[in-house]
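Me: I am new to this structure, and I would like a careful, close look at a single part of it. Please begin with one residue and then work outward, so that I can see how that part sits within the whole.

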Amino acid sequence: MDLKERIAAKEAEGQFIPVSSLLLRPWANGPFSVFLRQEGHFVLYTTKGGAYSDEHRQKLSDMDVDLVYVPKDQIKNYEAYLLENLDALLADETVPLPVRGQAWYEASMASARSVFEEKLPRKLFRTRFNHVRRLVRDSVAFFDSPGALTNVTKLVSRGYKGYHHAMGVMVLHYFVLRGYEEVNKEELFQACLGALLHDIGKTDLPEEVLARRPENWSQAEEDIYKTHPARGVALVIGLPLDAMAQHCILFHHEREDGRGYPAGLTDEHIPLAVKSLSVCNEYDRLTRPSPWRPAHTPYEALQKMGRRKRAFHAESLRRLILMLAKAEIIEPDRLKE
Ligand SMILES: [Fe+2]
């Protein structure tokens, strides 16, 4: 390939996203076109609107093609396809776990982004909420697959936006809370839904407040910021979320020592799911970069939280540490140094 061809190939590459061929299920009216990469060129395999049959699938397998390519301008169609088929894809044990994990990650981020990126009109928020609700159902079923803990905790540790944080907290919260015998499956699902939406009230805050460094806030600005849990609950009123999910949204900034907000509840009045959520929320917040500071390492974050022992539920913090060790994110021995 000469220089000119290499430049053209590089440009074409920027116009496609690679997708595992194992994630494509037969369809009648294709939601997006599928391309193959042959000798540096992208070649149309099936057309948007056309069929993708078992024969197409078999042919790719015969040719040992693992990756196919979807045009970037059709990415929304690809994400909608993933969400629509997510439960079947995640349950398909013939697809290797890392491939299913990646599909889960892409569908989750698309769905979380769609509710967090802007303040939505009521009707649209309700529709997107229904997608998110379904996503959380599919997610919690997938999280129990062997190997999912290590896979998904690593995937969600990337990113710095509000929806990255929401998804990261939901995942940590699931794995911390599932070990508590007193929490049943349905409560776990509701707690995860609440965790994903815990900061949804921030979409209702004035942009000027969010754009300023918290250390420079006036008292009035800080007071406005502290309304985001209550604004969050107001946004989800009338949607199918039970009390546990609503508590997660309303009380996620409460602290065991009573120094949190909005109610200043103390340990015995804070529901268990909220105790776990406030631990996971703080850990995830510290380990993500913000416009105001770089990310802390997992060790730094846990040590910082350890120094504020009275603020956090000790048992949930202990379970978080055990879980991070199991997920191969930390080595507990290094924590003691
Ligand atoms: Fe918050």
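Reply: A good place to begin is Ala107, which is buried because 25 other C-beta atoms lie within 10 Å of its own, where 20 or more are enough for a residue to count as buried. Please keep in mind throughout that this is a predicted model. Ala107 belongs to helix H4, which covers residues 97-116. If we leave aside its neighbours within four places in sequence, Ala107 is in contact with Glu79, Leu82, Leu83, Leu86 and Leu135. One of these partners shows how the chain brings separate stretches together, for Ala107 and Glu79 are 28 residues apart along the chain, yet their C-alpha atoms are separated by 5.9 Å.

Stepping back from this residue, the protein is divided into domain 1, residues 1-72, and domain 2, residues 96-335, and the C-alpha centres of these two domains lie 36 Å apart. The largest nonpolar core has 80 residues, and the ones with the most contacts inside it are Ala112, Met167, Met170, Cys192, Leu196, Cys248 and Leu320. Helix H7 supplies the largest share of this core, eleven residues, while domain 1 and domain 2 each give the core at least three residues. As a general background, nonpolar side chains tend to be buried together in soluble globular proteins.

Leu320 leads us on to another helix, since its contacts beyond four places in sequence are Leu172, Val176, Val279, Cys280 and Tyr283. Val279, Cys280 and Tyr283 are among the buried residues of helix H13. Twelve of the 15 residues of H13 are buried, so this helix is largely enclosed by the rest of the structure. The cover over those buried residues includes helix H7 (162-177), helix H8 (185-196), helix H12 (243-251), helix H14 (298-306) and helix H15 (314-326). The length of H13, residues 272-286, can also be checked: at 1.5 Å a residue its 15 residues should span 21 Å, and its end C-alpha atoms are 22 Å apart, which agrees.

Val19 takes us to a strand instead, because its place is in strand E1, residues 16-20. Val19 is buried, with 22 other C-beta atoms within 10 Å, and, not counting residues up to four places away in sequence, it touches Leu67, Val68, Tyr69, Val70 and Tyr78. Val19 and Leu272 are 253 residues apart in sequence and 40 Å apart in space, C-alpha to C-alpha.

Strands E2 (residues 34-38) and E3 (residues 41-46) pair in the antiparallel sense over five bridges, and the bridge partner of Gln38 in E3 is His41. Two residues lie between the strands of this hairpin, where Glu39 takes a positive phi near 50°.

Taken as a whole, the protein has 16 helices and four strands. Its radius of gyration is 22 Å, close to the 20 Å that the globule rule gives for 337 residues, so the protein is as compact as a globular protein of that length. Its C-alpha atoms fill a box of roughly 65 × 45 × 45 Å along the principal axes, and 37% of the 337 residues count as buried.

Conventions
Residues are numbered from 1 along each chain as its sequence is written. This is a predicted model: local features need pLDDT of at least 70, side-chain atom pairs count only at pLDDT 80 or more; totals for chains, interfaces and linings use all residues. Domain bounds come from an automatic or database domain assignment. The expected span of a helix is 1.5 Å times one less than its number of residues. Two residues are in contact if their C-beta atoms, placed from the backbone, lie within 7 Å. A nonpolar core is a set of buried Ala, Val, Leu, Ile, Met, Phe, Trp, Tyr and Cys residues joined through C-beta atoms within 7 Å. The radius of gyration is taken over C-alpha atoms; the globule rule is 2.2 Å times the number of residues to the power 0.38. Two strands pair if DSSP finds at least two bridges between them.
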